[in-house]
Amino acid sequence: SQMRNSQLFRKWWALAKLAYDVWSETVPAQEYKGSPVLPDFDRFRRDLTILAGFYRPVFNVKGELRLEPESLKWSQMDEARFEQLYNATINAVLNKVMPQAGYTEERLRATVDEVMRFA
């Protein structure tokens, strides 16, 4: 299989981590059966992929419809599809994850680029 652009892959992860950091600071505290439930990056990145429109519908054992994110594995998503994911993720972050954070698309992309310089 052909290698995907590793720089874009790292940018997507930097975008996801930035969005998670902003989101996790604002999410209200939750409890389940008396125990605190903390934000989880793995769940967040899966949900972010779904919010970006990259998912497949499945049924669980209870017969409930669930959305599963597409795999980000290099063998599962080609370069063109991953570029679509990156751009759709920018839109999902701006419109659905942190719309009150005051980011424009240009500012968000510039912030991710800045994070990449230090990574």
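Thr 49 is in contact with Trp 12, Phe 54, Pro 69, Glu 70 and Leu 85, once its neighbours within four places in sequence are set aside. This is a predicted model, and Thr 49 makes a handy starting point for a tour of it. The residue lies in helix α2, so the helix packing comes next, followed by a strand pair.

**Thr 49**
- Thr 49 has a relative accessibility of 1%, and because buried means under 20%, this residue counts as buried.
- One of its contacts beyond the local sequence is Leu 85, a residue of α3 that also appears in the helix contact below.

**Helix α2 against helix α3**
- Helix α2 covers residues 41-51 and helix α3 covers residues 79-97; their axes are 8 Å apart, and the two pack at an angle of about 100°.
- Angles of 65 to 115 degrees count as roughly perpendicular, which means that α2 is roughly perpendicular to α3.
- From α2, the residues taking part are Phe 44, Leu 48, Thr 49 and Leu 51.
- Facing them from α3 are Leu 85, Thr 89, Ala 92, Val 93, Lys 96 and Val 97.
- Sorted by class, this contact of α2 with α3 holds seven nonpolar residues, two polar and one charged.

**The β3–β4 hairpin**
- Strands β3 (residues 55-59) and β4 (residues 65-69) run antiparallel and are joined by five bridges.
- If you would like one pair to look at, Arg 56 has Glu 68 in β4 as its bridge partner.
- Five residues sit between the two strands of this hairpin.
- In the turn, Gly 63 has a positive phi of about 85°.
- Pro 69, one of the contacts of Thr 49, falls within the residues 65-69 of β4.

Key. Residues are numbered from 1 along each chain as its sequence is written. This is a predicted model: local features need pLDDT of at least 70, side-chain atom pairs count only at pLDDT 80 or more; totals for chains, interfaces and linings use all residues. Side-chain values use heavy atoms; hydrogens and water are left out. Axes are lines fitted to C-alpha atoms, for helices over the stretch in contact, and angles run from 0 to 180 degrees between N-to-C directions. Helices (H or I, at least four residues) and strands (E, at least two) are DSSP runs, numbered from the N terminus. Angles under 35 degrees count as roughly parallel, over 145 as roughly antiparallel, 65 to 115 as roughly perpendicular and the rest as oblique. Contact means heavy atoms within 4.5 Å. Ala, Val, Leu, Ile, Met, Phe, Trp, Tyr, Cys and Pro count as nonpolar, Asp, Glu, Lys and Arg as charged, and the others, Gly among them, as polar. Buried means under 20% relative accessible area, exposed over 50%, partly exposed in between (1.4 Å probe, protein chains only). Two strands pair if DSSP finds at least two bridges between them.
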